[in-house]
Amino acid sequence: MTDVTVAPPTAAPPSVNFVPIGEFLARPDPVTKWVVKGLLPTGGTSLLASKPRAGKSTFVRSLLVSVARGEPFLGLSTAAVPVAYLCLEEIDSMVKSSFLSLGATAADPIFIHTGTLNPATAASEVADFIQKAQPGLVVVDTLGKFLPILDFNDYGRVNELMSSVTSMLRQFPSTHLMYLHHSTKTSVGEDDYLGSVAFHGNVDVFFRMWRSTDKHYLVARQQRYGIDFPQTELTIHPVTNHVIAGSYSIDTPARPDIAIASSILDAVQGGLVRWADVKKVVKGKASRLIEVRNDLIMKGLLVIDDDNNLSVPSPT
């Protein structure tokens with residue numbers, strides 16, 4: 001009989017590995033790459049917290065379109081990469097309307113999931129999608145419907161689940177994962193979000209967004225990368241839903257003037273209207289009126305026929 005030799009089990013590599021400080025200091029610093037320059041690092045995570053209806057979903061949809069097209073966002077350069085959006089709280093028609101207002105088309109590398117999912121398997125399913133599609137930015141709207149957390153104040157459970165997703169993300173160093181989360185306080189406070197501090201502690205960038213009367217504000221306290229993004233007033237365009245830092249003006253590139261756009265849309269609400277008649281009731285330079293009109297047409301908010309008649313698109 002031939003003896004069978006069984007190899008001893010291979011020892012697991014040590015998890016603790018001390019090195020001399022000279023060797024440690026000689027290690028090269030990693031180069032940080034960005035999805036949004038100085039704000040969202042690749043391979044990183046962020047959390048945007050605000051009260052319901054403060055504009056966070058509108059904010060991230062404008063962000064997604066900008067990143068997918070490589071257009072500046074809040075004055076910062078973006079990476080021009082595919083993006084993915086998990087919208088877990090709104091119905092399809094509202095999400096569709098929002099992206100159409102932003103001018104999104106079938107040519108944009110934007111992937112969307114709407115509706116419920118299974119929190120027990122959602123993170124692994126997202127990992128499978130990232131592996132296949134290689135998106136540079138994934139937005140989860142909202143965190144509470146993505147992970148199986150029954151008690152947001154349970155530090156141990158929150159930390160366990162958030163850490164597991166962060167570990168998963170290390171497989172994808174070119175992807176940034178952003179969570180949206182709800183705030184609870186009416187005042188502007190340091191921890192103005194729902195639940196445990198483990199939410200804050202497990203992300204690289206923590207954003208707060210709030211609304212005061214008709215104005216929106218954003219601030220980022222960055223824990224690990226870049227510099228703090230200062231408190232900034234945001235403007236959400238009432239027609240296109242584009243978000244910018246500061247206020248719109250007549251000179252803002254590629255953004256329709258709010259008053260002109262609103263006046264044009266008001267003028268055509270009654271049905272088919274001649275462009276010549278619209279120009280009689282809307283104030284502004286003729287060249288600017290045409291620019292704003294064309295911008296609205298490109299974004300699917302107006303339809304023009306061969307006779308220069310305008311109308312609002314019929315709902316589908």
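**View 1. Asp 277 and Lys 280 share helix α8 in this predicted model.** The two residues sit three positions apart, about one turn of the helix, which runs over residues 275-281. Their side chains form a salt bridge, with 3.7 Å between the closest N and O atoms. Look at how the two partners face the surroundings: Asp 277 is partly exposed at 29% relative accessibility, while Lys 280 is exposed, at 67%. Arg 274 belongs in this picture too, since salt bridges with shared partners join Arg 274, Asp 277 and Lys 280 into one network.

**View 2. An open sheet of three strands follows the order β12-β14-β13.** The pairing here is antiparallel. Strands β12 (273-274) and β13 (303-304) stand at the edges; each has a single partner strand, so one side of each is left without a neighbour in the sheet. Between β12 and β14 (residues 309-311), the antiparallel pairing extends over two bridges. To find your way in this close-up, start at Val 273, whose bridge partner in β14 is Leu 310.

**View 3. Arg 61 of helix α2 reaches Glu 90 in a salt bridge.** The closest N and O atoms of this pair are 3.0 Å apart. Glu 90 lies in the loop between β4 and α3, and the bridge links distant parts of the chain, 29 residues apart. Which of the two partners is buried, and which is partly exposed? Arg 61 is the buried one, because its relative accessibility is 3%, where buried means under 20%. Glu 90 is partly exposed, at 23%.

**View 4. Asp 108 and Arg 69 form another salt bridge to helix α2.** Here the N to O distance is 3.0 Å. Arg 69 is in the helix, whereas Asp 108 belongs to the loop between α3 and β5 (110-114); this pair also connects distant parts of the chain, with their positions 39 residues apart. Asp 108 is buried, with a relative accessible area of 13%, and Arg 69 is partly exposed, at 31%. For the model as a whole, the count comes to five salt bridges.

**View 5. The largest nonpolar core brings together 33 residues.** Which members touch the most others? They are Leu 40, Phe 59, Phe 99, Leu 137 and Leu 218. Elements giving two or more residues to this core include the strands β1 (34-36), β4 (83-87) and β6 (137-141), along with the helices α2 (56-69) and α3 (92-101). The largest share, seven residues, comes from α2. Another core lies apart from this one and has 31 residues, among them Leu 47, Ala 122, Leu 177 and Tyr 179.

**View 6. Leu 218 and its contacts farther along the chain.** With neighbours within four places in sequence left aside, the contacts of Leu 218 include Leu 48, Phe 59, Leu 74, Phe 207 and Met 209. Phe 229, Pro 230 and Leu 234 are also among them, as are Arg 208, Gln 231 and Thr 232. Leu 218 and Phe 59 are both among the core members that touch the most others.

**View 7. Ile 21, Phe 24 and Leu 25 make a nonpolar patch on the surface.** Together these three residues have about 360 Å² of accessible area. Phe 24 is found in helix α1, which covers residues 21-25. With a relative accessible area of 46%, Phe 24 is partly exposed.

Technical notes
Residues are numbered from 1 along each chain as its sequence is written. This is a predicted model: local features need pLDDT of at least 70, side-chain atom pairs count only at pLDDT 80 or more; totals for chains, interfaces and linings use all residues. Side-chain values use heavy atoms; hydrogens and water are left out. Patches are made of residues with over 30% relative accessible area and no salt bridge: like charges are joined within 9 Å, nonpolar side chains (Val, Leu, Ile, Met, Phe, Trp, Tyr) within 5 Å. Accessible areas come from the Shrake-Rupley method with a 1.4 Å probe; for residues, only the protein chains shown count as cover. A salt bridge is a side-chain nitrogen of Lys or Arg within 4 Å of a carboxyl oxygen of Asp or Glu. Helices (H or I, at least four residues) and strands (E, at least two) are DSSP runs, numbered from the N terminus. Buried means under 20% relative accessible area, exposed over 50%, partly exposed in between (1.4 Å probe, protein chains only). A nonpolar core is a set of buried Ala, Val, Leu, Ile, Met, Phe, Trp, Tyr and Cys residues joined through side-chain atoms within 4.5 Å. Contact means heavy atoms within 4.5 Å. Two strands pair if DSSP finds at least two bridges between them.
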